[in-house]
Amino acid sequence: MIDVVPLTAAADGLIAVVVAVPVVLVAGGIAIATRRRGRGDGSPTAGAETGGGGVAVAERPAPAPAAPQTSEQTGSGVAAEPRVGVGGEPVDEPAPVVEPPTYRGRLGKARGLLSGYIGAVRAKGRIDATTWDDLEEALIRADVGVGATDALLDDLRGRVKAGSIPDPDALIDALKADLVAMVTTPASGLSAVGSGHTEGTGGGSPDDEPARTVDVWLFVGVNGVGKTTTLGKVATRLSRAGTPVLLAAGDTFRAAAGEQLSLWAERAGADIVRGSEGGDPSSVVFDAVQRAASKGYPLVLADTAGRLHNKVNLIEELKKIRKVSDRPPGRVTEVLLVLDATTGQNGLAQAKVFLDAVVVTGVVLTKLDGTAKGGIVVAIQRELGLPVKLVGLGEGPDDLIDFDPEAFVDALF
Ligand code: GDP
């Protein structure tokens with residue numbers, strides 16, 4: 001069966017954070033230092049069966065085909081449908097209901113940062129030059145980005161001049177509403193699973209079995225951003241909600257990525273298809289889609305490598321994986337770009353490599369519970385034009401929530 005090993009990839013993530021944070025701090029400091037207008041004051045907040053091609057499959061009984069589910073039905077930690085077991089009988093015990101984490105509870109650094117400035121602006125009782133300096137500094141420090149900060153403040157200045165914003169409280173309310181508008185995008189939910197999935201018998205004669213479609217969600221992003229962890233969290237959430245998922249360990253480049261994913265598969269009660277280390281990731285995903293079709297899984301969640309020998313290799317490999325995944329019975333319905341919020345503006349630059357390779361349907365922003373400053377959500381939607389669909393607020397299986405613009409901005413303030 002599957003060999004399970006500790007999460008050795010944690011070291012990768014740690015290195016990425018250790019390297020990225022100082023870089024971002026320095027970059028943020030430079031941006032602010034060059035933009036402050038010489039006020040001179042401090043800030044207010046001073047085991048497997050081996051199939052063809054060396055691909056291994058962890059065996060579990062085939063799942064009952066699942067009904068299509070909407071993103072609401074697959075919401076965090078809540079079993080929306082009666083659970084079904086092998087053969088389709090209802091499972092007696094209720095799915096565990098786990099309280100999802102909240103932005104307010106988890107946005108440590110991000111909350112502290114903005115709220116200090118906001119408090120100082122409100123306390124002044126009037127709007128003057130310092131107010132604008134404080135807001136500018138707050139937004140840039142919070143990783144909102146220079147372009148978005150300028151756009152926000154120019155608009156607010158105009159409204160103050162026109163008299164529609166009379167005092168600091170109204171100014172903060174207007175800023176909040178503008179930020180919510182900036183991070184609100186249509187199509188920010190995950191696609192419904194299995195809307196094109198046709199029910200079959202899970203292994204019967206191919207002659208009398210109708211064609212099936214297998215949805216494929218690809219997880220792409222730089223090494224250490226949290227792809228494998230996010231995939232495991234999504235698998236946990238969907239399994240709990242009654243959608244059987246098959247995991248594809250498409251990161252054959254990184255040693256231990258397969259073991260790490262196997263551990264998540266065990267936790268989620270999901271099956272996994274793995275390849276040999278250094279093997280062809282496309283054939284792992286291809287085999288997973290074939291297996292999903294024959295066993296009745298409506299969805300394959302595929303991990304991919306975040307680093308290859310060079311950028312061209314990475315792009316070509318991703319293109320190939322995407323093409324193979326989209327070959328019937330497979331169809332790619334989500335390509336989720338995973339970004340580490342603690343890397344701030346640097347993360348955006350890294351993300352652009354992936355945008356060259358595949359059409360991305362949404363972003364998963366991880367590690368917002370850590371040293372991240374939150375404003376990166378604004379920059380992602382403004383600069384990449386992509387909706388943030390999911391947010392990681394911790395390392396546990398339940399620490400993933402749907403992105404909610406109002407709750408997010410509210411927590412920041
Ligand atoms: P990958 O290389 O992109 O697959 O990244 P991993 O999934 O291996 O994650 C790298 C590290 O980040 C691991 O230590 C994870 O536990 C950690 N991690 C992932 N998501 C989150 C999150 O939302 N919050 C925190 N605090 N850590 C996370």
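Q: How far is a backbone N or O atom of Lys-367 from an oxygen atom of the ligand?
A: First, this is a predicted model: local features need pLDDT of at least 70, side-chain atom pairs count only at pLDDT 80 or more, and totals for chains, interfaces and linings use all residues. Residues are numbered from 1 along each chain as its sequence is written, and side-chain values use heavy atoms, leaving out hydrogens and water. A polar contact with the ligand is a pair of N or O atoms within 3.5 Å. For the backbone atom of Lys-367 and the ligand oxygen, the distance is 3.0 Å.

Q: Which residue has a side-chain N or O atom 2.6 Å from an oxygen atom of the ligand?
A: Let's look at two other places beside the ligand. A polar backbone atom of Gly-394 sits 3.2 Å from a ligand oxygen. The side-chain atom at 2.6 Å from a ligand oxygen belongs to Thr-229.

Q: What share of the ligand's 580 Å² does the protein bury?
A: Taken alone, the ligand exposes 580 Å² (accessible area by the Shrake-Rupley method, with a 1.4 Å probe). With the protein around the ligand, the buried share of that is 91%.

Q: Which element gives the most residues to the shell around the ligand?
A: Elements here are DSSP runs numbered from the N terminus: helices (H or I) of at least four residues and strands (E) of at least two. Those giving two or more residues to the shell are α1 (10-35) and α7 (227-240). With 4 residues, the top contributor is α7.

Q: How many of the residues in the shell around the ligand are polar?
A: There are 21 residues around the ligand (each with a heavy atom within 4 Å), and Gly-224, Thr-228, Thr-229, Asp-369 and Glu-395 come nearest. The shell has 5 nonpolar and 6 charged residues. Its polar residues number 10.

Q: Are α10 and α11 roughly parallel or oblique to each other?
A: Two packed helices are described by the angle between their axes and the distance between the axes. Here α10 (311-325) and α11 (344-357) pack at about 45°, with axes 8 Å apart. On a scale from 0 to 180 degrees, under 35 is roughly parallel, over 145 roughly antiparallel, 65 to 115 roughly perpendicular and the rest oblique. That makes α10 and α11 oblique.

Q: Which peptide bond is cis, with omega near 10°?
A: Look in the loop between α10 and β7 (330-340), where Pro-329 is found. The cis bond runs from Pro-328 to Pro-329.

Q: Which residue has a positive phi of about 75° although it is not a glycine?
A: Check the loop between α4 (129-141) and α5 (146-161). The residue with that phi is Asp-143.

Q: Which helix is oblique to α6?
A: α4 packs against α6 (168-183) at about 30°, with axes 13 Å apart, which makes α4 roughly parallel to α6. The axes of α5 and α6 come within 11 Å and cross at roughly 135°. The helix oblique to α6 is therefore α5.

Terms used. Polar contact = N/O pair within 3.5 Å; in protein donor to acceptor, adjacent residues only side chain to side chain. Nonpolar A, V, L, I, M, F, W, Y, C, P; charged D, E, K, R; others polar.
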